[in-house]
Amino acid sequence: MPHRGGLQVSILLPASVIGVSEDLRVKTFRAGLVGRAAAIFMVDEIIIYLDDHDSESLSNQRVFSKLLYYMVVPQYLRRLVFKKQEELRFAGLLPPLKIPPHTVPASLSQVKPGGFRLAAVVRAERGRLVLEAGLEKPLTAPAPQPTLEARVGSVVLARVEDPSRLSASIVSPGESPFYLGYRVSTPRKTLGELLKSVDAVKIGTSKYGEPVWRRIGELRKLFSRGGRIMVAFGSPSMGLREILAREGLRTEDVFSILVNTVGEQGVETVRTEEALYITLPLVASLARGYW
């Protein structure tokens, strides 16, 4: 079920989520946990913010985003979209998402007119775009409206108009009847810089926040506004309060609400990836109007 009222749910994660180890296998494993959580609960966007403006944080952001994007791209497009890259050396450790775009038919005989599938733009030919769509033969589509980016090498949403003629059209992701997966964004901003620059409902998760069950009514009102919901998580070494304090900010300066989604925890710290699996079921329920 899609989010109600056109809600767009974004989660904000620090680049250091994968920075707890220099081992690329560990980084890959941790990215896999994040990608699975985001896909299970149908998050629209993963935003990776910088812990600091230094080379380490930028490097972690680059690797983290590459691994997450690799996961969401259908298997039949990966060799085309991703060349041999060091960041993907252990991509075999990433768990499959099996979101709807990953389970579409692989044979033209099974594709019905009006079916949707992700495709990569291979080239322009005689006024039409040639699309690799994981079928026996490429599809072709007319160039879309300028608002839809369809440059060579980009991944687009295609609607198959006539399988027998190999014809398709490129459409907006909003037209998809199913979940397409998450987008990955990598702003060159720290958490405070990012939160101050966007207009959205901003929810912070922290052990210093009020227990979420006491704020359900307020959360329900915030979600009912529609628009963009941003849910922020801390780093492996610092919570949101400490992260923002380094930028001279308080949580109340940038968040619409600060909640503790765990409650009474039996461990000293809850890891970021654990907080995702605890928090996102609540977010998904609110986004769909179940609460």
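In this predicted model, the residues that line the largest cavity divide into eight nonpolar, two polar and no charged. That makes a good place to begin a tour of the enclosed spaces. The largest cavity holds about 50 Å³ of space, and its lining is made up of Ile203, Leu219, Phe223, Val231, Val259, Thr261, Thr279, Leu282, Val283 and Leu286. Helices α5 (216-224) and α8 each bring at least two residues to this lining, and α8 has the largest share, with four residues.

A search of the whole structure turns up two cavities of 30 Å³ or more. The second largest cavity has about 40 Å³ of space. Ten residues make up its lining, and Val9, Phe41, Val43, Val283 and Ala284 lie nearest its centre. Here eight of the lining residues are nonpolar, one is polar and one is charged. Helix α8 gives the most to this lining as well, with four residues. Readers following along in the structure can look for Val283, which appears in the lining of the largest cavity and also in that of the second largest cavity.

The open pockets come next. The largest pocket contains about 1,200 Å³ of space. It is lined by 41 residues, of which Pro173, Leu180, Gly181, Tyr182 and Arg183 are the closest to its centre. By class, this lining has 24 nonpolar, 11 polar and six charged residues. Helix α2 and the strands β6 (155-162), β7 (167-171) and β8 (183-185) each supply at least two residues, and α2 gives the most, with four residues.

The second largest pocket has a volume of about 530 Å³. Of the 27 residues in its lining, Lys207, Ser235, Gly239, Thr269 and Val270 are the closest to the centre. The classes divide into eight nonpolar, 12 polar and seven charged. At least two lining residues come from each of β9 (201-211), α6 (240-245) and α8 (272-287). Helix α8 therefore helps to line this pocket as well as the largest cavity, a handy landmark when moving between the two.

Aromatic rings give another view of the fold. The structure holds two aromatic pairs. In one of them, Tyr69 and Phe82 meet edge-to-face, with 5.5 Å from centre to centre and 65° between the planes. This pair links distant parts of the chain: Tyr69 belongs to helix α2 (residues 55-72), while Phe82 is in the loop between α3 (75-81) and β3 (116-125), 13 residues apart. Tyr69 counts as partly exposed because its relative accessibility is 33%, whereas Phe82 is buried because its relative accessible area is 8%, under the 20% limit for a buried residue.

The other pair joins Tyr70 to Phe82; the ring centres are 5.1 Å apart and the planes are at 55°, so this pair is tilted. Because Tyr70 lies in helix α2 and Phe82 in the loop between α3 and β3, the pair ties together parts that are 12 residues apart in sequence. Both Tyr70 and Phe82 are buried. Taken together, Tyr69, Tyr70 and Phe82 form one aromatic cluster.

Finally, two arginines sit over tyrosine rings. Arg117 lies over the face of Tyr76, at 5.6 Å from the ring centre. The charged end of Arg241 is placed over the ring of Tyr208, 3.5 Å from its centre.

Note on methods:
Residues are numbered from 1 along each chain as its sequence is written. This is a predicted model: local features need pLDDT of at least 70, side-chain atom pairs count only at pLDDT 80 or more; totals for chains, interfaces and linings use all residues. Side-chain values use heavy atoms; hydrogens and water are left out. Rings of Phe, Tyr and Trp (its six-membered ring) pair if their centres lie within 6.5 Å; planes under 30 degrees apart count as stacked, over 60 as edge-to-face and the rest as tilted. Buried means under 20% relative accessible area, exposed over 50%, partly exposed in between (1.4 Å probe, protein chains only). A charge sits over a ring if NZ of Lys or CZ of Arg is within 6 Å of the ring centre and within 35 degrees of the ring normal. On a 1 Å grid over the protein atoms alone, a cavity is a set of points where a 1.4 Å probe fits but cannot get out, and a pocket is an open set with protein on both sides within 12 Å along at least five of seven lines; lining residues have an atom within 4 Å of a point. Grid points are joined across faces, edges and corners, and a volume is the space filled by probe spheres set on the points. Ala, Val, Leu, Ile, Met, Phe, Trp, Tyr, Cys and Pro count as nonpolar, Asp, Glu, Lys and Arg as charged, and the others, Gly among them, as polar.
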